[in-house]
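This report describes selected features of one protein model. Please look at the structure below before reading on.

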Amino acid sequence: MKFKGKKRQEEIIDIDESEEKFLEHFRGVEIPILTLDERWLTMFPDGQKSKKVLRLEKDLKEAFKYQAKLAEDLKVAESAKKQLMDRIIRNMKIAQISEEEAMLQEKSQEFIRELNERISKMESQYEVMPQKIKDLNEALLMESLRFCYRKMSANRDNIQKQEVLIQEAKKLLEERTAKKKEMQKQNERMYVFVHHLFGRNVLEIFNEFDEYDEDSEE
């Protein structure tokens, strides 16, 4: 199995100067593997990832899987090679071996040559995987930071808009509160006026008025 590192056509992304300057601060910085980082997973839950983030995340996970498979395949190949070498050495100590054993000896030597080629090829692939993983992780970081930068910029603009709306709402609330207090004061003045003219008996009339007013609101 070979790691499928086919070149895909990169998405065209418009990067303004301020965004590029922001990203440059983080290029080449040593960072943990993002797909294993709880903070990154919290920031980028499933369903909220761009197509490019999803693709880079998948490539990074596949690179890790392929690295692990290479390590396991190398282990198996080295073990098989050792067994064959031990068999050959044992037979070399025997003064005379059967024709069948001699054929097996020859096949073992041929198989060892094939294993050596496979091992050499896998070792070459295994050696480049750490850098491959590092490059993919940095690419994922850049795309994650690009998302954060653009989201923060959009949020900053929206925060300013919300602040304007909040101030307008506060002003409206103050106006409505003042208007409510003025109407309450009017009612109090009228109540005092009527009470002054008609005395305590007017309380029953106002109580009935309040009850009627509450029923009307329902």
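Asp46, Lys49, Glu57 and Lys61 are joined in a network of salt bridges. The model is a predicted one, and a search through the whole of it finds ten salt bridges. Three of these pairs are listed here.

| Pair | N to O distance |
|---|---|
| Asp46 and Lys49 | 3.1 Å |
| Glu57 and Lys61 | 3.5 Å |
| Glu182 and Arg189 | 3.4 Å |

How far apart in helix α3 are Glu57 and Lys61? The two residues are separated by four positions, about one turn of this helix, which covers residues 51-92.

Which partners in the network are buried, and which are exposed? Asp46 has a relative accessible area of 69%, so this residue counts as exposed. Its partner Lys49 has 13% and is buried. In the other pair, Glu57 is buried, with a relative accessible area of 6%, while Lys61, at 40%, is partly exposed. Both pairs thus include a residue under the 20% cut-off for buried.

The bridge between Glu182 and Arg189 joins two partly exposed residues: Glu182 has a relative accessibility of 36%, and Arg189 has 48%.

Next comes the overall fold. The protein has five helices and zero strands, so its elements, read from the N terminus, run α-α-α-α-α. Of its 218 residues, 22% count as buried.

The second largest pocket holds about 210 Å³ of space. Its lining is made up of nine nonpolar, one polar and two charged residues. Among the lining residues are Ile31, Pro32, Asp37, Arg39, Trp40, Ser144 and Cys148. Which helix gives the largest share of this lining? Helix α4 does, with four residues. Helix α2 (38-43) also supplies at least two residues of the lining, as α4 does.

A further feature lies on the surface. Phe193, Leu197 and Phe198 make a nonpolar patch of about 360 Å². Phe193 is placed in helix α4, which spans residues 99-198. Helix α4 therefore appears twice in this account, as the place of Phe193 and as a source of pocket lining.

Key: Residues are numbered from 1 along each chain as its sequence is written. This is a predicted model: local features need pLDDT of at least 70, side-chain atom pairs count only at pLDDT 80 or more; totals for chains, interfaces and linings use all residues. Side-chain values use heavy atoms; hydrogens and water are left out. Patches are made of residues with over 30% relative accessible area and no salt bridge: like charges are joined within 9 Å, nonpolar side chains (Val, Leu, Ile, Met, Phe, Trp, Tyr) within 5 Å. Accessible areas come from the Shrake-Rupley method with a 1.4 Å probe; for residues, only the protein chains shown count as cover. A salt bridge is a side-chain nitrogen of Lys or Arg within 4 Å of a carboxyl oxygen of Asp or Glu. On a 1 Å grid over the protein atoms alone, a cavity is a set of points where a 1.4 Å probe fits but cannot get out, and a pocket is an open set with protein on both sides within 12 Å along at least five of seven lines; lining residues have an atom within 4 Å of a point. Grid points are joined across faces, edges and corners, and a volume is the space filled by probe spheres set on the points. Ala, Val, Leu, Ile, Met, Phe, Trp, Tyr, Cys and Pro count as nonpolar, Asp, Glu, Lys and Arg as charged, and the others, Gly among them, as polar. Buried means under 20% relative accessible area, exposed over 50%, partly exposed in between (1.4 Å probe, protein chains only).
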